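Reader: I am new to this structure and would like to learn how to read its features one at a time. Could we go through them together, with the general idea before each case?

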Amino acid sequence: MISSPGKTSSVARYIALWLVASAAFTSVHAAEPYILGISDKLTIKVVQWKAADSSFQEWTALAGDYIVGADGNVNFPMLGPTEGAGKTSSDLAATIGAGLQQTLGLPTAPSVTVEVSAYGPIYVSGDVSTPGEYPFAPNLTVIKALALAGGERRSAEAAARPEKEMLSTTGALDVLEDEYNRLLVRRARLEAELAGQSEIAVPPELTDLPEISALLLAETAILAAQKRQAEAQSTSLTDEINLLTTQIEAFNQKKASTETQLETARDQLQKISTLSEDGLALSSRVASLQTNVADLEARLLDTETAALQAQQAIATANREQARLADQRISDLSLEKQTVDGQISALALKIQTQQGLVQEAALYTGAVVPGDQAPQYTYSIVRDGEEIPAEIDTPLVSGDVVMARLALAP
């Protein structure tokens, strides 16, 4: 009696199930006759009753061992190929007796006995410890066949150190899931930056995550730092533009003042030049006024040049401000695209690792933490057709039992 099924090995569980299924199956189906199948070895005896001396005569020439061939026939002397597969031993005995009576012209059919000396094999394939060919026996079911094949498949290392196998696979899964969660929060932060928001929306996948507050706190700090840096760069350029604008206003005022002085100086030069031509003014006075006019014209040109340079500097600052804004959006978009790719790749890795965890649980007999345990599905290939099966499905010789591991989604 198995007192603790949860702690037994996979083979022990299969043996226990075998015993239970066998008892139930025998009680219900014990009366059902065996159907002959391909590769069954038969021992056939023929006996005739002799009424003259009230004795039985055994036909030793016909007695012997026969095999149900691949075509389902038994090659019996005097009769040739006789259909055997799909019949019971009694049906085949009756067929042979009737055939001998007809062929030999006997008044009564001889007594024929057909016994199965060796059954044809079955085959077990798929996720079992030792797939291969196994002898058939009456009342054989899928669960019994799996027990013959060693039960669930597991690696030698996993069987030797199940705790190490589970720690390794679940640890790797935890690392992948943690990185996946961090990337989801990082993407949410990038989306907030692109939208100009100061708060990060919680990803729907992480609403129930216990450590979501810590992840949001870290990314929010990055969001605030990035925002301060962008604002500092923009403010610096804005201050530079404001300073240059003030300088241009000063240059314009200086230009207006210089233009007024230049106009006055030109009027004086014209008047003195006229007087000098009439001999009423000294030529040195004319030369002095000409020098003053030239100096004012040079100052006016310098002021206009400085104003133009300030305007060019403003245009450059505006372009730099726009470039920084465009560059920030471009960098954020590129980083988001990279994060999206990393999230997709991690999702595939997590899916693969989850399968490895479930397989490790299956091979080691350990419990999958937080997940549904993997299950087996069964099918039987019979006469070239694959049909679904359960653990108590009865088998016939020649069947191929397929055991497939069905991992939880």
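Author: Let us begin with a term that we shall need throughout: a residue is called buried when its relative accessible area is under 20%, exposed when that area is over 50%, and partly exposed in between. Please keep in mind that this is a predicted model.

Reader: With those cut-offs, is Arg182 buried, exposed or partly exposed?

Author: Arg182 has a relative accessibility of 44%, so it counts as partly exposed. Its side chain meets that of Asp178 in a salt bridge, with 3.0 Å from N to O, and Asp178 is likewise partly exposed, at 32%.

Reader: What is the general idea behind such a pair, and how many salt bridges does the structure hold?

Author: In general, side chains of opposite charge can pair when their charged atoms come close. The structure holds 12 salt bridges. In the case of Arg182 and Asp178, the two residues are four apart in helix H5, and therefore about one helical turn separates them.

Reader: Which residue forms a salt bridge with Lys255, and where do the two partners lie?

Author: The partner of Lys255 is Glu304, and their closest N and O atoms are 3.5 Å apart. Because Glu304 lies in helix H7 (residues 283–364) and Lys255 in helix H6 (residues 212–277), this pair ties together parts that are 49 residues apart in sequence. Glu304 is partly exposed at 29% relative accessibility, and Lys255 is partly exposed at 27%.

A further salt bridge joins Arg266 to Glu297, whose closest N and O atoms are 2.6 Å apart. Here again the pair links distant parts of the chain, since Arg266 belongs to helix H6 and Glu297 to helix H7, 31 residues apart. Arg266 has a relative accessible area of 42% and is partly exposed, as is Glu297 at 35%.

Reader: Which residues are linked in a network of salt bridges?

Author: The network links Arg189, Glu193, Glu219, Arg328 and Glu335.

Reader: May we turn to the aromatic rings? How is a pair of them described in general?

Author: A pair of aromatic rings is described by the distance of the centres and the angle of the planes. A search of the whole structure finds four aromatic pairs. One of them is formed by Tyr34 and Tyr119, which meet edge-to-face, with 4.9 Å centre to centre and 85° between the planes. Tyr34 lies in the loop between helix H1 (10–29) and strand E1 (41–50), while Tyr119 lies in the loop between strand E6 (111–118) and strand E7 (121–126), so the pair ties together parts that are 85 residues apart in sequence.

Reader: Are these two tyrosines buried or exposed, or does each fall in between?

Author: Tyr34 counts as buried at 18% relative accessibility, whereas Tyr119 is partly exposed, with a relative accessible area of 28%. Tyr119 also pairs with Phe136: the ring centres are 5.7 Å apart and the planes stand at 70°, so this pair is edge-to-face. Phe136 lies in the loop between strand E8 (132–135) and helix H3 (142–148), so its pairing with Tyr119, in the loop between E6 and E7, ties together parts that are 17 residues apart in sequence. Phe136 is buried, with a relative accessible area of 6%. Ring pairs thus link Tyr34, Tyr119 and Phe136 into a cluster.

Reader: How many residues has the largest nonpolar core, and which element gives the most to it?

Author: The largest nonpolar core has 35 residues, and among those with the most contacts inside it are Leu42, Ile44 and Phe76. Several elements give two or more residues to this core, including E1, strand E4 (73–76), E6 and E7, but helix H2 gives the most, with four residues. To follow one member, Leu42 touches, among others further along the sequence, Tyr66, Leu92 and Val116. A second, separate core of 22 residues includes Leu183 and Leu209.

Reader: Where is Thr169 found, and what separates it from Val357?

Author: Thr169 is found in helix H5 (residues 162–194) and is buried, with a relative accessible area of 9%. Although Thr169 and Val357 are 188 residues apart along the chain, their C-alpha atoms are separated by 5.4 Å.

Terms used
Residues are numbered from 1 along each chain as its sequence is written. This is a predicted model: local features need pLDDT of at least 70, side-chain atom pairs count only at pLDDT 80 or more; totals for chains, interfaces and linings use all residues. Side-chain values use heavy atoms; hydrogens and water are left out. Rings of Phe, Tyr and Trp (its six-membered ring) pair if their centres lie within 6.5 Å; planes under 30 degrees apart count as stacked, over 60 as edge-to-face and the rest as tilted. Buried means under 20% relative accessible area, exposed over 50%, partly exposed in between (1.4 Å probe, protein chains only). A nonpolar core is a set of buried Ala, Val, Leu, Ile, Met, Phe, Trp, Tyr and Cys residues joined through side-chain atoms within 4.5 Å. Contact means heavy atoms within 4.5 Å. A salt bridge is a side-chain nitrogen of Lys or Arg within 4 Å of a carboxyl oxygen of Asp or Glu. Lists of a residue's contacts leave out its neighbours within four places in sequence.
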